[in-house]
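Here is a brief report on model confidence, empty space and aromatic contacts. Please keep the structure open while reading.

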Amino acid sequence: MAMAGRIRSSVPRVVKSLMSDSLSAQRSIVERSFICPNFIDSQHSKNFSSASPPKEPKIKVPVAMFGGSGNYASALFIAAAKAKALDKVESELLDLVAATEKSPTFAQFMKDLAVPADTRVKAITEICDQAKFSEVTKNFLVVLADNGRLRHVDTIAKRFSDLTMAHRGEIKAIVTTVIPLPAEEEKELKDTLQEILGKGKKVNLEQKYSWGLVVEFGQKVFDMSIKTRAKQMERFLRDPINFDS
């Protein structure tokens, strides 16, 4: 990805050019504006008008998420939905994750909690500016940097993608096979799963490679892998034989 390449190439220069002044006030404003987008505007306008601002339509996450990564992904989904930038934010997050996978230096920076918070914030801010990330993505990553959560960005990105897929009415089906499925068989499997889903939903097929055949679809798992069949045979051989029957 060209975007991921630009992100990786900017890391060494960013780290070397970091300044030492404190950004705590700036981080505080960014975090408040991300978590509560109306905070800054309300602070500036409260002395000029007592009228209540028009209510924004309430946005709900399409799937309940739990745990720290789930909470961050849910907050990002709401912010991106309000900005009408779900697809763009998802693409930018995936570009960032791709950059960490291809650059050991960048990956180490994202995981290293020994890096001071000011340094993390400055670096991620400049990286986002150079990559021309949206304000939603940039502000979110600044919050992660300030809270020492950049190391979880890959998990958060996956959770966020789950939310955007659910929002689009898509369901992921993971197919694990020994070799890639021929195009005709892939289409046939996708059509079958689509028929099970019915109208209003869309199957998003993802292929992985291992021994045997495993199809993970929603809460269902169809497992015909060699590993599973070997376990079934082992259980069969261990069961006592009743010669009286």
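Over which residues does pLDDT stay under 50, and how many contacts beyond four places in sequence does the model have for them? The stretch is residues 17-26, and the model has 13 such contacts for it. Residues 35-49 also have a pLDDT below 50. That second stretch has 5 contacts in the model beyond near neighbours in sequence. This is a predicted model. The protein chain averages a pLDDT of 77, and 64% of the residues score at least 70. Where pLDDT is low, the predicted coordinates should not be read in detail.

**Pocket**

The largest pocket holds about 530 Å³ of space. Its lining takes in 23 residues. Closest to the centre of the pocket are Leu94, Val97, Glu101, Asp154 and Lys158.

Where does the largest pocket lie with respect to domain 1 and domain 2? It lies between them, because domain 1 (59-168) and domain 2 (170-240) both give residues to its lining. At the level of secondary structure, α5 (86-102), α6 (104-111), α9 (153-167) and β2 (202-209) each supply at least two lining residues. Helix α9 gives the largest share, with 7 residues.

**Cavity**

A search of the whole structure turns up 1 cavity of 30 Å³ or more. The space in the largest cavity is about 30 Å³. Its lining consists of Met110, Asp112, Leu113, Arg120, Leu144, Gly148, Arg149 and Leu150.

The table sets out the linings by residue class.

| Lining | Nonpolar | Polar | Charged |
|---|---|---|---|
| Largest pocket | 10 residues | 3 residues | 10 residues |
| Largest cavity | 4 residues | 1 residue | 3 residues |

**Aromatic pairs**

The structure has 2 aromatic pairs. One of them joins Tyr72 and Phe140. Their ring centres are 6.2 Å apart and their planes stand at 75°, so the pair is edge-to-face. The cut-off for that class is an angle over 60 degrees. Tyr72 sits in helix α4 (residues 67-82), while Phe140 sits in helix α8 (residues 135-146). The two residues are 68 residues apart, and the pair links distant parts of the chain.

Methods
Residues are numbered from 1 along each chain as its sequence is written. This is a predicted model: local features need pLDDT of at least 70, side-chain atom pairs count only at pLDDT 80 or more; totals for chains, interfaces and linings use all residues. Side-chain values use heavy atoms; hydrogens and water are left out. pLDDT is the predictor's confidence in each residue, from 0 to 100. Contact means heavy atoms within 4.5 Å. On a 1 Å grid over the protein atoms alone, a cavity is a set of points where a 1.4 Å probe fits but cannot get out, and a pocket is an open set with protein on both sides within 12 Å along at least five of seven lines; lining residues have an atom within 4 Å of a point. Grid points are joined across faces, edges and corners, and a volume is the space filled by probe spheres set on the points. Helices (H or I, at least four residues) and strands (E, at least two) are DSSP runs, numbered from the N terminus. Ala, Val, Leu, Ile, Met, Phe, Trp, Tyr, Cys and Pro count as nonpolar, Asp, Glu, Lys and Arg as charged, and the others, Gly among them, as polar. Domain bounds come from an automatic or database domain assignment. Rings of Phe, Tyr and Trp (its six-membered ring) pair if their centres lie within 6.5 Å; planes under 30 degrees apart count as stacked, over 60 as edge-to-face and the rest as tilted.
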